[in-house]
Amino acid sequence: MVPAGYSARRPRPSDAEAIAALMTAADEGADQVNPADIEREWRGLDIQHDTWLLEAEADANAEAAAYAELLKRADDHVASEGYVAPEHIGRGLGTALLELIEQRARELTPEGRLTNGVIAANRAAVALLEQNGYHPIRHFYRMAIELSEPPPEPQWPAGLEPRPFDREHAEAFHDATEDAFADEWRHEPEPFDHWRRRRLDDPGASPDLWLTVHDQDEIAATLICDERRYEMGWIASVGVRKPWRRRGLGLALIHHAFTEFWRRGQRTIGLGVDAENPTGATRLYERAGMHQVFDAVVYEKQLGV
């Protein structure tokens with residue numbers, strides 16, 4: 001399964017730096033991944049069963065050659081990603097990762113769906129997936145902006161009041177966010193306790209950058225940002241609930257995020273978005289001055305066929 005000259009093992013916390021460098025090199029021109037990004041990702045994974053690190057045995061320093069991870073997202077869905085360092089491409093490591101991923105996915109959901117996300121420009125990864133029975137089902141864009149001057153102050157719709165995130169009302173914040181994304185493509189609800197452990201209890205979380213927008217006693221919208229992710233200020237989610245859409249609230253939230261990042265000295269700001277988002281989010285971000293950095297494609301394979 002693993003090519004001669006290489007060995008596979010589970011990653012350890014001390015491997016985060018090497019894996020971050022591997023992922024950055026594997027997808028040149030995409031995200032600049034740092035160890036904190038890896039540690040944040042691992043908080044939501046079973047790293048003892050659902051991650052793999054492949055190393056070159058001949059290398060005295062055991063240089064990381066390839067890495068993969070997966071996450072069981074629903075009863076019939078497993079999501080995965082794999083990365084091969086450029087200097088190790090063409091040696092069968094991508095195929096080895098795919099075999100490890102598929103074997104584990106079949107243990108978790110024998111007849112379910114397995115997805116794998118790759119950068120569209122990575123032709124080798126695309127070819128490998130297509131040769132192994134995967135087909136593209138969705139595109140996601142990384143979008144970003146480089147601020148060269150103070151951004152516009154947010155213009156809040158009449159009757160709506162922005163308030164800082166309050167930990168005492170974290171569950172209501174979570175519920176409102178879930179409701180805002182309920183109609184998104186293949187949205188899979190996340191229980192509050194899991195969200196709290198993954199998000200709020202994350203040592204790298206920036207809840208002072210989170211925001212709720214109230215319409216009297218109801219939460220109309222939420223905003224979640226990370227002070228630093230992928231070497232930039234990160235807008236993790238902009239969630240406007242259905243009754244309050246088409247009123248300029250989304251743009252106000254984006255401008256609020258830009259303003260807060262500007263005040264902190266962060267000039268590069270990014271986010272991820274479904275290219276076919278039904279609420280028109282891509283157009284909203286373009287209107288705010290953001291541009292597409294790269295295109296990621298989700299491929300899918302039906303297991304048990």
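In this predicted model, a residue counts as buried when its relative accessible area is under 20%.

Q: How many of the 15 residues of α7 are buried, and what does that say about the surroundings of this helix?
A: The buried residues of α7 include Leu249, Gly250, Ala252 and Leu253 towards one part of the list, and Phe258, Thr259, Glu260 and Phe261 are also among them. Because so many positions of α7 fall in this class, the helix is largely enclosed by the rest of the structure, and the number of buried residues is 12 of the 15.

Q: Which elements are included in what covers the buried residues of α7?
A: A residue is in contact with another when heavy atoms lie within 4.5 Å. The cover of the buried residues of α7 includes the strands β6 (135–146), β8 (211–215), β9 (218–229), β10 (232–240) and β11 (268–274), together with the helix α8 (281–287).

Q: What span should the 15 residues of helix α7 have, and how far apart are its end C-alpha atoms?
A: The expected span is 1.5 Å times one less than the number of residues. For helix α7, which runs over residues 249–263, this gives 21 Å, and the expectation agrees with the separation of the end C-alpha atoms, which is 21 Å.

Q: At roughly what angle do the axes of α1 and α2 cross?
A: Helix α1 covers residues 16–26 and helix α2 covers residues 35–42, and their axes come within 8 Å. Angles of 65 to 115 degrees count as roughly perpendicular, and α1 and α2 are therefore described in that way. The contact is made by Ala16, Glu17, Ile19, Ala20 and Met23 of α1 with Pro35, Ile38, Glu39 and Trp42 of α2, and these residues divide into seven nonpolar, no polar and two charged. The crossing angle of the two axes is roughly 105 degrees.

Q: With which side chain does the side chain of Asn34 make a polar contact?
A: Asn34 is placed in the loop between α1 and α2, and it counts as buried because its relative accessibility is 12%. Leaving aside residues up to four places away in sequence, Asn34 touches Ala20, Tyr230 and Glu231. The polar contact, at 3.1 Å, is with the side chain of Glu231.

Q: How far does the backbone nitrogen of Arg12 lie from a polar atom of the side chain of Asp15?
A: Asp15 is found in the loop between β1 (6–9) and α1, and at 9% relative accessibility it counts as buried. Beyond residues up to four places away in sequence, Asp15 touches Arg9 and Leu53. The backbone nitrogen of Arg12 and the polar side-chain atom of Asp15 are separated by 2.6 Å.

Technical notes: Residues are numbered from 1 along each chain as its sequence is written. This is a predicted model: local features need pLDDT of at least 70, side-chain atom pairs count only at pLDDT 80 or more; totals for chains, interfaces and linings use all residues. Side-chain values use heavy atoms; hydrogens and water are left out. Helices (H or I, at least four residues) and strands (E, at least two) are DSSP runs, numbered from the N terminus. Buried means under 20% relative accessible area, exposed over 50%, partly exposed in between (1.4 Å probe, protein chains only). Axes are lines fitted to C-alpha atoms, for helices over the stretch in contact, and angles run from 0 to 180 degrees between N-to-C directions. Angles under 35 degrees count as roughly parallel, over 145 as roughly antiparallel, 65 to 115 as roughly perpendicular and the rest as oblique. Ala, Val, Leu, Ile, Met, Phe, Trp, Tyr, Cys and Pro count as nonpolar, Asp, Glu, Lys and Arg as charged, and the others, Gly among them, as polar. A polar contact is a pair of N or O atoms within 3.5 Å; within protein, one must be able to donate a hydrogen and the other to accept it, and residues adjacent in sequence count only if both atoms are side-chain atoms.
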